[in-house]
Amino acid sequence: MAASSRKRRLMGEINVVPYIDVMLVLLIIFMVTAPLIAQGVKVDLPEADAEILKIDKNNPEPVVLTINRAGEMLLSHGSSEGPMTEKEISANVSAILRQRPEQVFLVRGDRNIAYGKVVEAMVILQQAGVPEVGLVTYPPEKEEGAR
């Protein structure tokens with residue numbers, strides 16, 4: 001009778017070990033899938049010894065208009081996943097500028113495309129109202145003996 005009269009004490013603690021296990025599994029899943037989601041367009045950029053562009057801290061992410069080897073234009077901001085027409089680019093850029101007039105715009109062109117295609121991309125941006133357009137390049141590789 002003494003055993004039945006004893007009350008079981010309720011445990012007031014939460015066992016967090018299973019939650020930690022679930023969290024670690026989710027972390028691994030996100031680490032594996034994040035690079036797959038952030039796919040980019042393969043572009044062989046030209047090399048240039050140019051000054052690095054200073055970007056405003058209030059607006060850190062520039063909008064990039066990419067021109068791939070095939071001459072197709074892709075905008076880094078917007079709903080379209082694939083190549084865009086001039087009208088689609090112009091409409092998207094105008095909408096971005098209405099929301100953020102200080103937005104930075106860059107053109108990222110493959111080194112193997114014609115220069116005229118890069119100029120065409122810059123003209124599309126300027127006609128959409130972009131006051132300044134920057135170009136994306138890689139810094140040239142330094143020779144080992146040179147300083």
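**Entry 1: the surface patch**

I started with a working rule: a patch is built from residues with over 30% relative accessible area and no salt bridge, and nonpolar side chains are joined within 5 Å. With that in hand I looked for nonpolar patches in this predicted model. I found one of about 850 Å², made by Ile14, Val16, Tyr19, Ile20, Met23, Leu24, Leu27 and Met31.

I picked Leu24 from that list for a second look. Leu24 sits in helix 2, which covers residues 17–37. Its relative accessibility is 41%, so I put Leu24 down as partly exposed.

**Entry 2: how far to trust the coordinates**

Next I checked the confidence. The mean pLDDT of the chain is 78, and 71% of the residues score at least 70. Which elements have the lowest and the highest mean pLDDT? Helix 1 (residues 2–5) is at the bottom with 55, while helix 3 (residues 86–99) is at the top with 90. My reminder to myself: where pLDDT is low, the predicted coordinates should not be read in detail.

**Entry 3: the overall layout**

I listed the secondary structure and got four helices and four strands. Reading from the N terminus, I noted the order α-α-β-β-α-β-α-β. I also looked up burial: of the 147 residues in the chain, 22% are buried.

**Entry 4: helix 3**

I went to helix 3 next, as the element with the highest mean pLDDT. Helix 3 has 14 residues, and its first and last C-alpha atoms are 20 Å apart, close to the 20 Å expected at 1.5 Å a residue.

Which residues of helix 3 are buried? I wrote down Ile89, Val93, Ile96 and Leu97. They span an arc of only 95° around the axis, so they lie on the same side of helix 3. On the other side of helix 3 I found Lys87, Arg98 and Gln99, which are exposed.

The spacing in such lists has a simple background: an α-helix has 3.6 residues a turn, so residues three or four places apart point the same way.

I added a note on Ala95, which is also in helix 3. Ala95 has a relative accessible area of 28%, which makes it partly exposed. I then looked at how Ala95 stands to Ala128: their C-alpha atoms are 9.3 Å apart, with the two positions 33 residues apart in chain numbering.

**Entry 5: helix 4**

I repeated the exercise on helix 4 (residues 115–127). Its 13 residues should span 18 Å at 1.5 Å a residue, and the end C-alpha atoms are indeed 18 Å apart, so the two values agree.

The buried residues I found in helix 4 are Val118, Ala121, Ile124 and Leu125. Their arc around the axis is only 120°, so they share the same side of helix 4. The face turned away from that buried side carries two exposed residues, Tyr115 and Gln127.

Leu125 of helix 4 earned its own note. Its relative accessible area is 1%, so Leu125 counts as buried. What separates the C-alpha atoms of Leu125 and Ile89 in space? I read 8.0 Å, for two residues 36 apart along the chain. Ile89 is on my list of buried residues in helix 3, so this pair links a buried residue of each helix in my notes.

**Entry 6: salt bridges**

How many salt bridges does a search of the whole structure find? I got one. Glu120 pairs with Lys117, and their closest N and O atoms are 3.8 Å apart. For context, side chains of opposite charge can pair when their charged atoms come close.

Both partners are in helix 4, three residues apart, so about one helical turn separates Glu120 and Lys117. I checked whether they are buried or exposed. Glu120 has 28% relative accessibility and is therefore partly exposed. Lys117, at 24% relative accessible area, is partly exposed as well.

**Entry 7: a look at strand 2**

My last stop was Met73, in strand 2 (residues 73–75). Met73 is buried, because its relative accessible area is 5% and the cut-off for buried is under 20%. I also noted its position against Glu86: the two are 13 residues apart along the chain, and their C-alpha atoms are separated by 8.3 Å.

How values were computed. Residues are numbered from 1 along each chain as its sequence is written. This is a predicted model: local features need pLDDT of at least 70, side-chain atom pairs count only at pLDDT 80 or more; totals for chains, interfaces and linings use all residues. Side-chain values use heavy atoms; hydrogens and water are left out. pLDDT is the predictor's confidence in each residue, from 0 to 100. Patches are made of residues with over 30% relative accessible area and no salt bridge: like charges are joined within 9 Å, nonpolar side chains (Val, Leu, Ile, Met, Phe, Trp, Tyr) within 5 Å. Accessible areas come from the Shrake-Rupley method with a 1.4 Å probe; for residues, only the protein chains shown count as cover. A salt bridge is a side-chain nitrogen of Lys or Arg within 4 Å of a carboxyl oxygen of Asp or Glu. Buried means under 20% relative accessible area, exposed over 50%, partly exposed in between (1.4 Å probe, protein chains only). The expected span of a helix is 1.5 Å times one less than its number of residues. The arc is that of the directions from the helix axis to the C-beta atoms.
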